[in-house]
2 protein chains.
Amino acid sequence: MANIFESLPTNLESEVFESILKTDNIELERIISKGHKSPESGWYDQEKNEWVMVMSGCATLSFEDKADVTLKAGDYITIPAHQKHKVAWTAPDSETIWLALFY
Amino acid sequence: MANIFESLPTNLESEVFESILKTDNIELERIISKGHKSPESGWYDQEKNEWVMVMSGCATLSFEDKADVTLKAGDYITIPAHQKHKVAWTAPDSETIWLALFY
């Protein structure tokens, strides 16, 4: 047993991606952000679909083809493969913990 | 966007299972318990692996082959296919919300 809110990395100079579960088809990750955002230019353009939920903290996602979405704890969204997106903002003073399922 | 803590079912006479995401290989479910537990006799014996996290509330899982595990918010555990288990207890006074990934 483990807890998604515990054993947080101490070095958060950059976002931290941790694999929770991985099979041939899927990967489940914990992502920890603290004030991080994607670079101004460029987008994430992923091969896989992503279902992502904010577990704690707050974050804003931007999309090439639709309006920004701000997520608080418990909010989840599906980002289809190749839907271009980026992290526009994450809370600066506390960790934002994400659970992301790539499938 | 949706929130895992919101739009809870009002009828909780029995546990409620809701599909969040389903593909040929995986299913992601929200499960809501309120004082429910599995029948005294018999075990869940599942074809698929299950990764399960308690999002809110508290619950105890029993296993045929190992000690009970009590889960609070953020705790997660993997139950391999065919590991016989049951829900021994869930908090009686508030909803226990589970996120379960069958893979």
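How many residues does the hairpin that joins β5(A) to β6(A) run through? I looked this up at the start, and the hairpin joins the two strands through 5 residues. I note here that the model is predicted.

**Entry: the β5–β6 hairpin**

I next examined how the two strands of this hairpin pair. Strand β5 of chain A covers residues 58-63, and its pairing with β6(A) is antiparallel, over 4 bridges. As one point of reference I recorded L61(A), which stands opposite V69(A) in β6(A).

I then looked at the two faces of β6(A), the strand of residues 69-72. V69(A) and L71(A) form the covered face, whereas T70(A) and K72(A) lie on the uncovered one. V69(A) thus belongs to the covered face and is the residue that L61(A) stands opposite.

**Entry: chain A as a whole**

I turned to the secondary structure of the chain. Chain A has 0 helices and 9 strands. Along the sequence I read the pattern β-β-β-β-β-β-β-β-β.

I checked the overall dimensions. The C-alpha trace of chain A spans about 40 × 35 × 25 Å along its principal axes. Its radius of gyration is 13 Å, which agrees with the value near 13 Å that a compact globule of 103 residues would have.

I also noted burial and contacts. Of the 103 residues in chain A, 50% are buried. For contacts in chain A between residues at least 6 apart in sequence, I found that 64% join residues at least 24 apart.

The surface and the charges followed. Chain A has an accessible surface of about 5,100 Å², and carbon and sulfur atoms account for 49% of that surface. The chain carries 9 positive and 17 negative charges, and the mean positions of these two sets are 2 Å apart.

**Entry: the sheet of 6 strands**

In what order do the strands of the open sheet run? I recorded the order β2(A)-β3(A)-β9(A)-β4(A)-β7(A)-β1(B), with antiparallel pairing. The edge strands are β2 (16-22) of chain A and β1 (2-3) of chain B, each of which pairs on one side only. I kept in mind that strands of a sheet pair through backbone hydrogen bonds, either parallel or antiparallel.

I followed two of the pairings in detail. β2(A) and β3(A) are antiparallel partners over 6 bridges, and a hairpin of 4 residues joins β2(A) to β3(A). Within this pair, I found E18(A) opposite R30(A) in β3(A).

The second pairing is that of β4(A) with strand β9 of chain A, residues 96-102, which is antiparallel over 6 bridges. Here I noted A100(A) in β9(A) as the bridge partner of V52(A).

**Entry: S38(A)**

Is S38(A) buried or exposed? I first located S38(A) in the loop between β3 (27-33) and β4 (50-56) of chain A. S38(A) counts as buried because its relative accessibility is 12%, and the limit for a buried residue is under 20%. Leaving aside neighbours within four places in sequence, I found S38(A) in contact with Y44(A), K86(A) and V87(A).

**Entry: M1(A)**

I looked next at the start of the chain. M1(A) lies in the segment before β1 (2-3) of chain A. With a relative accessible area of 59%, M1(A) is exposed.

Which residues does M1(A) touch, not counting those up to four places away in sequence? I listed V69(B), T70(B), L71(B), D75(B) and Y76(B). I also checked M1(A) against K34(A): the two are 33 residues apart in sequence, and their C-alpha atoms are 25 Å apart in space.

**Entry: S7 in chains A and B**

My last check concerned phi angles. Most residues other than glycine have a negative phi. S7(A), however, has a phi near 55°, a positive value in a residue other than glycine. S7(A) is placed in the loop between β1 and β2 of chain A and is exposed, with a relative accessible area of 68%.

I repeated the check in chain B. Phi of S7(B) is positive, near 55°. I found S7(B) in the loop between β1 and β2 (16-22) of chain B, and at 67% relative accessibility S7(B) counts as exposed.

Definitions and conventions: Residues numbered from 1 in each chain as written. Chains lettered and ligands numbered in written order. Predicted model: local features only at pLDDT ≥ 70, side-chain atom pairs only at ≥ 80, totals over all residues. Heavy atoms only, no water. Buried < 20%, exposed > 50% of the residue type's maximum accessible area, 1.4 Å probe, protein only. Pairing = 2+ DSSP bridges. Rg over C-alpha atoms; globule rule 2.2 N^0.38 Å. Contact = heavy atoms within 4.5 Å. Areas by Shrake-Rupley, 256 points an atom, 1.4 Å probe, with all protein chains shown as cover. Lys, Arg positive; Asp, Glu negative; His and termini not counted. Charge placed at Lys NZ, Arg CZ, Asp CG, Glu CD.
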